[in-house]
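Reader: I have a few questions about how the terms are applied here. Could you take me through them one by one?

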Amino acid sequence: MKRWKEKIPVANTLVGEEEARAVYEVVKSGWLSMGKKVTEFEEQFAHQVGARYAVAVNNGTAALHAVLAALGISAGDEVIIPSLTFIATANVVLYQGATPVLAECNPSTYTIEASEVRRLITDKTRAIIPVDMNGMPCDYDELLTIEDEYRIPIVWDSAESLGALYKKKKVGSIGKIHCFSFFPNKNVTTGEGGMICLESEGLYRLLCQIRNQGQERRYHHVHLGYNYRMTELQAALGLCQLTRLEENVQAKAAMAAYYNRELARIPGISLPTVPAFVTRHAWYMYTISVDESIRDEMVKKLEEKNIETRLSFPPIHTQPYYQRTFQYTNYSLPATYAVWSRLINIPLWNGLGKERQDFIINSLASIMKDIN
Ligand SMILES: *Cc1c(COP(=O)(O)O)cnc(C)c1O
């Protein structure tokens, strides 16, 4: 079997004519910075995920950081996060001068373990940031119990799970604080962008100020704030993209089901585990798991066939900056490191099509046969 004629990207969110026109209209309107479109996007987003309030910001990292600032997280505080996540989840804790406390992940769902969270709670713990890895909701109920029991706020990093359902409830309205990202490989994109969904009116008002230089009214700054504002251009894009969310998630779910069925026949490839509480996976990424001794060779052979793959985000404790700052080694969290060493993300996006998908499946089968 030969190479595919052009490179098959691992992710690709559709942006079409409608978006181009919407952005053009904003350019023509002459009002480019935060304005009516941003408000409309916030209202539409809140409505779609069933949240009470939504605050748009300029990226997902800013969403997480603004929330930690609003919660008053500061030096000496600890924030529990999974080690298996994107670097932003950890960096925002450091931005506040606090300490990220890294938790092992569940070896089959790759999300944070509630038992691990309990084990890591101390009298300095001020927040917990669970991550819906690859678009699959964590076990929210177990973690919500911890939030109630210890009165420690949970900030849900839902950057990857827009469109997912946990026990039929929409991600965005399950917890008190959800953060989303609109980076181009997410289910909805605005180029760069983020959203904070909230239940509390007080936090909502505070976050509106924090994203806008901490001002209460013009040139009257009551908090240490940031310029985390979203532009009208991003909001116009986002409004169009929201109308595609259902289609994007449904298309990805159908393709994931096809992968699940076809790849199950290939010995040596393990498929994503989706617990019953996940009534709908948002399929940010489709992740297969192989023996760590063959992972890199598989990635290389897939690349030779013009199939792009992506390793999962390397655990936080493997990153040079964190190793230097906190004296971690790759084996400080052995379970997480072992899980990560086996994972490969393969292409999944609305528009991938059956032909490409069959090529990917057949390539995986032949590569596995060659390796073994
Ligand atoms: C994408 C992502 C973010 C936020 O990323 P931005 O690029 O700043 O929008 C945060 N956490 C996770 C887990 C992500 O995947």
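Reader: How do you know that the second largest cavity lies between domain 1 (17–242) and domain 2 (245–371)?

Author: Both domains give residues to its lining, so the second largest cavity lies between them. The domain bounds come from an automatic or database domain assignment. This is a predicted model, where local features need pLDDT of at least 70 and side-chain atom pairs count only at pLDDT 80 or more, while totals for chains, interfaces and linings use all residues. Residues are numbered from 1 along each chain as its sequence is written, and side-chain values use heavy atoms, with hydrogens and water left out.

Reader: What makes it a cavity, and which residues line it?

Author: On a 1 Å grid over the protein atoms alone, a cavity is a set of points where a 1.4 Å probe fits but cannot get out, and lining residues have an atom within 4 Å of a point. The second largest cavity has a volume of about 70 Å³, a volume being the space filled by probe spheres set on the points, which are joined across faces, edges and corners. Of its 13 lining residues, N12, T13, K252, W349 and N350 are the closest to its centre.

Reader: What is the volume of the largest cavity, and where does it lie?

Author: The largest cavity holds about 90 Å³ of space. Domain 1 and domain 2 both contribute to the lining of the largest cavity, so it too lies between them. Among its lining residues are Y110, M133, H281 and W283.

Reader: Why is C179 not counted in a disulfide?

Author: A disulfide is a pair of cysteine sulfur atoms within 2.5 Å. The closest cysteine sulfur to that of C179 is in C197, 8.7 Å away, too far for a bond. C208 is in no disulfide either, as the nearest cysteine sulfur, that of C197, is 12 Å away. By this rule the count is zero disulfides.

Reader: Are C179 and C208 buried or partly exposed?

Author: Buried means under 20% relative accessible area, exposed over 50%, and partly exposed in between (1.4 Å probe, protein chains only). C179, at 1% relative accessibility, counts as buried, whereas C208, at 22%, counts as partly exposed.

Reader: What makes the approach of T61 to the ligand a polar contact?

Author: A polar contact is a pair of N or O atoms within 3.5 Å; within protein, one must be able to donate a hydrogen and the other to accept it, and residues adjacent in sequence count only if both atoms are side-chain atoms. A side-chain N or O atom of T61 is 2.5 Å from an oxygen atom of the ligand. For S181, a polar side-chain atom lies 2.6 Å from a ligand oxygen.

Definitions and conventions:
On a 1 Å grid over the protein atoms alone, a cavity is a set of points where a 1.4 Å probe fits but cannot get out, and a pocket is an open set with protein on both sides within 12 Å along at least five of seven lines; lining residues have an atom within 4 Å of a point.
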